[in-house]
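Student: Take me on a close look at one part, please: the largest pocket. I'd like to hear who lines it, and then what else is worth a look in the rest of the chain.

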Amino acid sequence: MTEQRYLPDADDVTAFEATVEEATEAFVVLDGTYFYPEGGGQPADHGVLEWDGGRADVVEVRTNHGDVRHYVENREGDLPDPGDAVEGHVDEERRRDHRRMHTAQHVVSRVVLDDYGAETAGNQIHADRSRIDFEPADFSGEDVRAVERKANEAIESDLVVTKAERPRDEVEERVDEGRSLLDLIPDHVDPLRVVEIDGFDYCPCGGTHVDSLGDVGRVRITNRESKGEDTERIEFVLEPAE
Ligand SMILES: [Zn+2]
């Protein structure tokens, strides 16, 4: 069982110490980690694990029945043993890009829900570009420009972003209809990790996020396409704030 230490609000930590629970040629399990495991439309963190007499690159991170497996390549030295101490170093640039992208996704999803009543049916974040699928939606070019403009207005307001674990019943009461696929989260998951953009958005989410909206930069929507009868896909990139 690995403690996911970036929860509830430590998305800025990229260097840490932990203890090995299991080590194989393919992966290392620690008692706790700050590496983000792939999920929720966000790719895994990458980075390095170091221990006395060895090191390895972390190239993929996945959860497996409560464990977080750090998949390793380019190992130097012998495998560590259970009980050994390791130092973890998360690739800071990749982490920062994913944080900015994921918070931008929440902002765009909120704008579209408020102005067009469309839910976020899916999303995929990358370090350099991201996409969101909305339904039911049928956007014009003018709609897309309006979404971009309103998202950037929100970002410029530089609202505080907090992450915290909340009792499930509070989340069910506070989250807006259409802002969360709460039904898909098993009932036993309680508390839930919530990402809140002060006075703007409240959404259960396990991803890594910026601490302040101004850190996102500027959203530029690069593409819109229809994905079926009432689904619209928007793609965006981030640019530095002007
Ligand atoms: Zn999210």
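Tutor: Let's settle what a pocket is: on a 1 Å grid over the protein atoms alone, it is an open set of points where a 1.4 Å probe fits, with protein on both sides within 12 Å along at least five of seven lines, and a lining residue has an atom within 4 Å of a point. Bear in mind that this is a predicted model, where local features need pLDDT of at least 70 and side-chain atom pairs count only at pLDDT 80 or more, while totals for chains, interfaces and linings use all residues. Residues are numbered from 1 along each chain as its sequence is written, and side-chain values use heavy atoms, with hydrogens and water left out.

Now the pocket itself. Its volume comes to about 960 Å³, counted as the space filled by probe spheres set on grid points that are joined across faces, edges and corners. The lining of this largest pocket takes 36 residues, and those nearest its centre are Gly40, Ile185, Pro204, Cys205 and Gly206. By type, the lining splits into 14 nonpolar, 16 polar and six charged residues (nonpolar being Ala, Val, Leu, Ile, Met, Phe, Trp, Tyr, Cys and Pro; charged being Asp, Glu, Lys and Arg; polar being the others, Gly among them).

Where does that lining come from? Helix 1 (92-116), strand 9 (119-125), strand 12 (192-197) and strand 13 (201-204) each give at least two residues, and strand 9 gives the most, with five. Helices and strands here are DSSP runs numbered from the N terminus (H or I and at least four residues for a helix, E and at least two for a strand). On the domain level, the chain is assigned a domain 1 (3-90) and a domain 2 (95-239), with bounds from an automatic or database domain assignment. Both domains give residues to the lining, so the largest pocket lies between them. Over C-alpha atoms, the centres of domain 1 and domain 2 are 28 Å apart. Their contact takes 19 residues from domain 1 and 18 residues from domain 2, where contact means heavy atoms within 4.5 Å.

Cys205, one of the residues nearest the pocket's centre, also turns up at the zinc ion. The protein donors there are His102 (NE2), His106 (NE2) and Cys205 (SG), at 2.1 to 2.3 Å from the zinc ion. A donor is an N, O or S atom within 2.8 Å of the metal (3.2 Å for Na, K and Ca), and with water not among the atoms, a site may look incomplete. Along the sequence, the donor residues follow the spacing H-x3-H-x98-C. Distant parts of the chain are linked this way: His106 belongs to helix 1, whereas Cys205 is in the loop between strand 13 and strand 14 (218-226), 99 residues away. His106 counts as buried because its relative accessibility is 3%, given that buried means under 20% relative accessible area, exposed over 50% and partly exposed in between, using a 1.4 Å probe on protein chains only. Cys205 is buried too, at 13%.

Stay on helix 1 for a moment, as Ser109 is also found there. Ser109 is buried, at 1% relative accessibility. Beyond its neighbours within four places in sequence, Ser109 touches Thr120, Ile132, Phe134 and Arg179.

Strand 11 (residues 161-166) holds Val161, which is buried at 2% relative accessible area. Val161 and Ile197 are 36 residues apart along the chain, yet their C-alpha atoms are 4.5 Å apart. Among the contacts of Val161, leaving aside neighbours within four places in sequence, are Thr103, Val195, Ile197 and His209.

The second largest pocket has a volume of about 220 Å³. Its lining includes Glu119, Asp176, Arg179's neighbour in number Gly178, and Leu184. That lining divides into four nonpolar, two polar and four charged residues.

Last, a few backbone oddities. Most residues other than glycine have a negative phi, and most peptide bonds are trans. The bond from Glu135 to Pro136 is cis, with omega near -5°, and so is the one from Asp190 to Pro191, with omega near 5°. His65 has a positive phi of about 50° and is exposed at 78% relative accessible area. Asn74, in strand 7 (67-76), has a positive phi of about 55°.
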